[in-house]
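Biologist: I've got a new model open and I'd like to learn how to read it. Could you walk me through it?

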Amino acid sequence: MTTADFGEVASASGPVAETLEQPLVRHVQRRLNQIHRAVPALQTGQYSTEGISGNMAFKRRYTDQETGVDSFALVTVSGATTFTGIPNGTYVDVVTGDTRRVTDGTLSVAAPGKGNLRVYVLDLGGANAAPGQVGGVGPYLR
């Protein structure tokens, strides 16, 4: 096996290649890793469940004054969730590309079904712009 980048395999052979082509492996290896790498808050941000109603949901924020990074993500893993007390602005879901404008500090997300992740990232523009949809649609995230 030869890797091309984080979470990307350039080439593989034999049983390793067969395993890497399985849908669940492709999902974890590619899509989830791509999402994780695209949003700094998911990598190292402060975790909180304050102001959240819903199951399996959280928010994370990461800021670094030296580099100018400011990343804020709202994550719901299963079912509908409402986030309150959040900064106003434009939020973009990295799973679907859906864009929402928040003007009252509240964002409601109707994630369809269990385990169908939604990650809304606050778009602050410039170097802190939301990445938009990350990766392609697959059998596990729709």
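Modeller: Let's go from the overall layout to a sheet, then the cores, then one loop residue. Keep in mind that this is a predicted model.

Biologist: Where do I start? How many helices and strands does the protein have?

Modeller: Start with the element count and then the order. Here there are three helices and 11 strands. Along the sequence they run β-β-α-α-α-β-β-β-β-β-β-β-β-β.

Biologist: What share of the 142 residues is buried?

Modeller: Buried residues account for 33% of the 142. The accessible surface is about 7900 Å², and carbon and sulfur atoms contribute 50% of that. For contacts, look at sequence separation: among those between residues at least 6 apart, 53% join residues at least 24 apart.

Biologist: Now a sheet. In what order do the strands of the open three-stranded sheet lie?

Modeller: Read a sheet by order, direction and edges. This one goes 4-7-10, with antiparallel pairing. Strand 4 and strand 10 (106-110) are the edges, each pairing on one side only. Ignoring direction, neighbouring strands are turned by 10 degrees against each other on average.

Biologist: How many bridges hold each pair?

Modeller: Strand 7 (residues 80-84) pairs with strand 10 over five bridges, while three bridges join strand 4 to strand 7. You can follow the register through Thr82: it stands opposite Ser53 on one pairing and opposite Ser108 in strand 10 on the other. Thr81, for its part, faces Val109 in strand 10.

Biologist: And the side chains along strand 7: which ones are buried?

Modeller: Check which face each one points to. Thr81 and Phe83 point to one face and are buried; Ala80, Thr82 and Thr84 point to the other and are not.

Biologist: Next, the cores. Which residues touch the most other members of the largest nonpolar core?

Modeller: That core has 15 residues, and the best-connected members are Val39, Leu42, Ala73, Val94, Val119 and Val121. Helix 3 (40-44), strand 6 (69-76) and strand 11 (118-123) each give two or more residues to this core. Take Leu42 and skip residues up to four places away in sequence: Leu42 touches Ile35, His36, Arg60, Ala73, Val75 and Val119. There's also a second, separate core of 12 residues, with Ile52, Leu74, Tyr91 and Leu122 among them.

Biologist: Last one: Met56. Where does this residue lie?

Modeller: Met56 is in the loop between strand 4 (52-54) and strand 5 (57-64).

Biologist: Is Met56 buried or exposed?

Modeller: Compare the relative accessible area with the cut-off. Exposed means over 50%, and Met56 has 54%, so Met56 counts as exposed.

Biologist: What does Met56 touch, then?

Modeller: Leaving out residues up to four places away in sequence, Met56 touches Val75, Thr76, Val77 and Ser78. Sequence and space tell two stories here: Met56 and Thr76 are 20 residues apart in sequence, with their C-alpha atoms 6.1 Å apart.

Biologist: What about the backbone? What is phi of Met56?

Modeller: The general idea first: most residues other than glycine have a negative phi. Phi of Met56 is near 50 degrees, a positive value in a residue other than glycine.

Notes
Residues numbered from 1 in each chain as written. Predicted model: local features only at pLDDT ≥ 70, side-chain atom pairs only at ≥ 80, totals over all residues. Heavy atoms only, no water. Core = buried A, V, L, I, M, F, W, Y, C linked by side-chain atoms within 4.5 Å. Buried < 20%, exposed > 50% of the residue type's maximum accessible area, 1.4 Å probe, protein only. Helix = DSSP H or I, 4+ residues; strand = E, 2+ residues; numbered from the N terminus. Contact = heavy atoms within 4.5 Å. Areas by Shrake-Rupley, 256 points an atom, 1.4 Å probe, with all protein chains shown as cover. Pairing = 2+ DSSP bridges. Axes fitted to C-alpha atoms, helices over the stretch in contact; angles between N-to-C directions.
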